[in-house]
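Work through the exercises below with the sequence and the predicted model side by side. Try each task before you read its solution.

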Amino acid sequence: MSSHGRGIDERSSQLGRATATGRRFRSVLDGWVVALVLVPTGFALLMVLLEAGLTSRRALVAAALVLGGGVLLPAVLYAVTVYHLTDSELLVRVGPFTTRVPYASIRTIEPSRDMTSAPAFSLDRLRVEYGDGQHVLISPMQRESFLELLATHRRATASMRRST
């Protein structure tokens with residue numbers, strides 16, 4: 001049966017089971033971000049090779065540095081960017097850096113096209129405001145699924161707080 005034919009309670013129940021151990025979402029990757037990385041890197045690589053000569057050892061070392069800094073670093077950052085919904089908080093991870101956003105502290109979640117530097121590889125972002133004036137910009141793949149699971153976790157956290 002399609003998800004459109006299911007009742008709200010059945011879908012919520014399935015979401016609850018799916019999130020028992022948490023769920024990870026990757027960032028959307030916009031084509032313009034890829035172009036922003038590849039075009040200048042390609043241009044710099046071409047300039048290095050033309051200046052130093054196509055076969056010189058110095059050119060090969062410089063080319064490796066350009067490719068490493070211009071392509072490898074952003075690719076690694078993208079690969080290690082994840083939004084993890086745990087039982088108690090949203091974890092925004094970029095390599096060794098983690099932003100912890102307890103569900104109970106989230107005030108608003110709004111669509112955003114803010115171009116501020118953020119752990120998001122798309123301008124189709126969500127601005128999550130939490131705590132005392134803090135926010136994080138994210139761009140999860142499967143956005144609707146992410147928002148449904150986040151809402152489920154927030155409701156569960158709120159009901160646990162009320163019952164204690």
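**Exercise 1.** Decide whether Ser27 is buried or exposed, and find which residues it is in contact with, leaving aside its neighbours within four places in sequence.

*Solution.* Begin with the accessibility: a residue counts as buried when its relative accessible area is under 20%, and because Ser27 has a relative accessibility of 0%, it counts as buried. Next, locate the residue along the chain, where Ser27 is found in the loop that lies between strand 1 and helix 2 (31–52). Then list the contacts beyond the neighbours within four places in sequence, which for Ser27 are Tyr78, Thr81, Tyr83, Ala120, Phe121, Ser139 and Met141. Finally, compare sequence with space: Pro119 is 92 residues apart from Ser27 in sequence, while the two C-alpha atoms are 8.1 Å apart.

**Exercise 2.** Work out in which order the four strands of the open sheet that contains strand 1 are arranged, and which strands stand at its edges.

*Solution.* The order of the four strands is 1-2-3-4, and their pairing is antiparallel. Strand 1 (23–26) and strand 4 each have a single partner strand, so these two stand at the edges, and one side of each is left without a neighbour in the sheet. On average, neighbouring strands here are turned by 20 degrees against each other, direction ignored. Helix 3 packs on this sheet, where it touches strand 1, strand 2 and strand 3, and its direction makes about 10 degrees with that of strand 2.

**Exercise 3.** Describe how strand 3 (residues 89–94) is covered, and how many bridges it forms with strand 2 and with strand 4.

*Solution.* Start with the cover: five of the six residues of strand 3 are buried, and the strand is mostly covered. On one hand, strand 3 pairs with strand 2 (residues 81–85) in the antiparallel sense over five bridges, and in this pairing His84 has Leu91 as its bridge partner, while Leu85 stands opposite Leu90. The hairpin that joins strand 2 to strand 3 passes through three residues. On the other hand, strand 3 pairs with strand 4 (residues 97–102), again in the antiparallel sense, over six bridges, and here Glu89 stands opposite Pro102. These two strands also form a hairpin, with two residues between them, and Gly95 in the turn has a positive phi of about 60 degrees.

**Exercise 4.** Determine whether Leu73 is buried, exposed or partly exposed, and which nonpolar surface patch it helps to make.

*Solution.* First place the residue: Leu73 belongs to helix 3 (residues 57–79). Because its relative accessibility is 48%, Leu73 counts as partly exposed, given that this class lies between the limits of 20% and 50%. Together with Leu72, Val76, Leu77 and Val80, Leu73 makes a nonpolar surface patch of about 410 Å².

**Exercise 5.** Find the order of the strands in the open sheet of three strands, and state which helix lies across them.

*Solution.* The order is 5-6-7, with antiparallel pairing, and the edge strands, each of which pairs on one side only, are strand 5 (106–112) and strand 7 (134–138). Strand 6 (residues 125–130) pairs with strand 7 over five bridges, and Arg127 stands opposite Leu137 in strand 7. Lastly, helix 4 (residues 143–163) lies across strand 5, strand 6 and strand 7, and runs at about 170 degrees to strand 5.

Methods
Residues numbered from 1 in each chain as written. Predicted model: local features only at pLDDT ≥ 70, side-chain atom pairs only at ≥ 80, totals over all residues. Heavy atoms only, no water. Pairing = 2+ DSSP bridges. Contact = heavy atoms within 4.5 Å. Axes fitted to C-alpha atoms, helices over the stretch in contact; angles between N-to-C directions. Patch = residues over 30% accessible without salt bridge, like charges linked within 9 Å, V, L, I, M, F, W, Y side chains within 5 Å. Areas by Shrake-Rupley, 256 points an atom, 1.4 Å probe, with all protein chains shown as cover. Salt bridge = Lys/Arg side-chain N within 4 Å of Asp/Glu carboxyl O. Buried < 20%, exposed > 50% of the residue type's maximum accessible area, 1.4 Å probe, protein only.
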